[in-house]
Amino acid sequence: MSEPGPRVITRLDQALPLSGSAWQGGGLQAAVLVALTTEAEPRVMLGRRNRQLRLHPGEIAFPGGKREAEDGTPWATARREAEEEVGLVEAQVRPLGELQALFTRTGYEVRPCIAAIPVEHRLRVDSREFDHVFLESLSLFADGRRFRVETHYHQGRERRVPHYALEEDTVWGVTAAILAQLANVAYDAGLDLERGR
């Protein structure tokens, strides 16, 4: 028997692993909260990072950030960062599952934490982190006509980098890879995510 709720949210809830396991290892680690609204056609929360930030300025990203010493799990990191950056409190966040870790060009291991949030939610956006935050239909990221993988070179290494073309912007890198993984699970989108590290 499936859980009540929108079909896509239910599918993700059933398909994604939810370990809640502790952080393992060391190095540069981060987690993001991939927040999906609980409506028939879920929307995903994204924001444009402040253009003054040292890492990834002006890029489209999820709420999230680096692991702090007090964070026992990636979920602890993702929830703490989401509350600090956009004001999503723990009571608004229902974990659905996790995607495999990805690595940024700046050397961070990023753990995506997928969660459902209410359609009606109040945000308090920290302008030091995001210039603005918006909701985009998740199904848009299942459209293969908007998706491409380009070859980039970083520090002499070849990387295959996913990109999405939005109406007036581009989502790329780890954010695009997470969205493509999610679209593959939610909609059987069949997007090819062959990436270098």
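## Leucine 182 and its contacts

L182 touches L12, L16, V34, L36, L99, I114 and L138, leaving aside residues up to four places away in sequence. The model shown here is predicted. L182 is one of the buried residues of helix α3.

L182 also stands out in the largest nonpolar core. That core has 37 residues, and L36, Y164 and L182 touch the most other members. Five elements give two or more residues to this core: α1 (7-15), β1 (29-37), β2 (43-49), β7 (109-117) and α3. The largest share comes from α3, with 9 residues. Another core lies apart from this one. It has 15 residues, among them W23, V86, C113 and I117.

## Helix α3

Helix α3 covers residues 173-187. How far apart should its ends be? At 1.5 Å a residue, its 15 residues should span 21 Å. The end C-alpha atoms are 21 Å apart, so the model agrees with that expectation.

The helix is mostly covered. Of its 15 residues, 12 are buried. The buried set begins with G173, V174, T175, A176, A177 and I178. It continues with L179, A180, Q181, L182, A183 and A186. After the helix comes D188, whose phi is positive, near 50°.

## Threonine 175

T175 is part of helix α3. Is T175 buried or exposed? Its relative accessibility is 10%, so T175 counts as buried; the cut-off for buried is under 20%.

What does T175 touch? Its partners are L46, I60, A61 and F62, not counting residues up to four places away in sequence. I60 has a further role here: the side chain of T175 reaches the backbone oxygen of I60 at 3.3 Å.

## The sheet beside α3

Three strands form an open sheet, in the order β9-β10-β11. The pairing is antiparallel. Strands of a sheet pair through backbone hydrogen bonds. The edge strands are β9 (147-154) and β11 (170-172), and each pairs on one side only. Neighbouring strands are turned against each other by 35° on average, direction ignored.

Now take one pair of strands. β9 and β10 (residues 157-165) are joined in the antiparallel sense over 8 bridges. R148 stands opposite H163 in β10. How does the helix sit on this sheet? α3 lies across β9, β10 and β11. It runs at about 65° to β10.

## Helix α2

Helix α2 runs over residues 74-86. It has 13 residues and reaches 18 Å from its first C-alpha to its last. That is close to the 18 Å expected at 1.5 Å a residue. Just after α2, G87 takes a positive phi of about 80°.

Which residues of α2 are buried? They are P74, W75, T77, A78, R80, E81, A82, E85 and V86. What covers them includes β1, β2, β4 (64-66), β5 (94-98), β7 and β8 (130-137). V86 also belongs to the core of 15 residues.

## Threonine 77

T77 lies in α2. Its relative accessibility is 0%, so T77 counts as buried. T77 touches W23, A31, G65, K66, R67 and D71, not counting residues up to four places away in sequence. One of these partners, W23, is a member of the core of 15 residues.

Note on methods
Residues are numbered from 1 along each chain as its sequence is written. This is a predicted model: local features need pLDDT of at least 70, side-chain atom pairs count only at pLDDT 80 or more; totals for chains, interfaces and linings use all residues. Side-chain values use heavy atoms; hydrogens and water are left out. Helices (H or I, at least four residues) and strands (E, at least two) are DSSP runs, numbered from the N terminus. The expected span of a helix is 1.5 Å times one less than its number of residues. Buried means under 20% relative accessible area, exposed over 50%, partly exposed in between (1.4 Å probe, protein chains only). A nonpolar core is a set of buried Ala, Val, Leu, Ile, Met, Phe, Trp, Tyr and Cys residues joined through side-chain atoms within 4.5 Å. Contact means heavy atoms within 4.5 Å. Two strands pair if DSSP finds at least two bridges between them. Axes are lines fitted to C-alpha atoms, for helices over the stretch in contact, and angles run from 0 to 180 degrees between N-to-C directions. A polar contact is a pair of N or O atoms within 3.5 Å; within protein, one must be able to donate a hydrogen and the other to accept it, and residues adjacent in sequence count only if both atoms are side-chain atoms.
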